[in-house]
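Trainee: Could you take me through reading a structure like this one, feature by feature?
Mentor: Gladly; let us put it in front of us and begin with a single residue.

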Amino acid sequence: MLQNIGVPGLILILIIALVIFGPSKLPEIGRAFGSTLREFKNSTKDLISSDEKDEKTQSK
């Protein structure tokens with residue numbers, strides 16, 4: 001889905017976000033989005049590693 005946006009689409013999204021939220025809120029929103037994405041990545045890594053451990057114990 002995100003591969004089809006391109007640079008013009010990203011610029012348009014940023015302009016719309018700037019108009020809606022204003023320049024003072026954008027860094028705060030970016031930090032919140034980044035921390036949420038980081039938590040999601042860590043959770044998926046934990047799930048993958050626990051699945052791999054389960055597969056190793058079942059194969060023994």
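**From one residue to the whole chain**

Mentor: Asn-42 counts as partly exposed because its relative accessibility is 39%, a value that lies between the cut-offs of 20% for buried and 50% for exposed. Please keep in mind that this is a predicted model.

Trainee: In which helix is Asn-42 found?

Mentor: Asn-42 belongs to helix α2, which covers residues 26-59. To relate sequence to space, take Pro-27 as a partner: Asn-42 and Pro-27 are separated by 15 residues in sequence, and their C-alpha atoms lie 22 Å apart.

Trainee: What does the secondary structure of the chain come to, and how many residues does helix α1 have?

Mentor: The chain has two helices and zero strands. Helix α1, residues 6-21, has 16 residues, and the 22 Å from its first C-alpha to its last is close to the 22 Å expected at 1.5 Å a residue. After α1 comes Gly-22, with a positive phi near 85°.

Trainee: How should I read the radius of gyration of the chain?

Mentor: Set it against a reference: the chain has 19 Å, whereas a compact globule of 60 residues would have a value near 10 Å. Along the principal axes, the C-alpha atoms fill a box of roughly 60 × 25 × 10 Å.

Trainee: What share of the residues is buried, and what of the accessible surface?

Mentor: Buried residues account for 5% of the 60 in the chain, while the accessible surface comes to about 5,700 Å², with 66% of it belonging to carbon and sulfur atoms.

Key. Residues are numbered from 1 along each chain as its sequence is written. This is a predicted model: local features need pLDDT of at least 70, side-chain atom pairs count only at pLDDT 80 or more; totals for chains, interfaces and linings use all residues. Side-chain values use heavy atoms; hydrogens and water are left out. Helices (H or I, at least four residues) and strands (E, at least two) are DSSP runs, numbered from the N terminus. The radius of gyration is taken over C-alpha atoms; the globule rule is 2.2 Å times the number of residues to the power 0.38. Buried means under 20% relative accessible area, exposed over 50%, partly exposed in between (1.4 Å probe, protein chains only). Accessible areas come from the Shrake-Rupley method with a 1.4 Å probe; for residues, only the protein chains shown count as cover. The expected span of a helix is 1.5 Å times one less than its number of residues.
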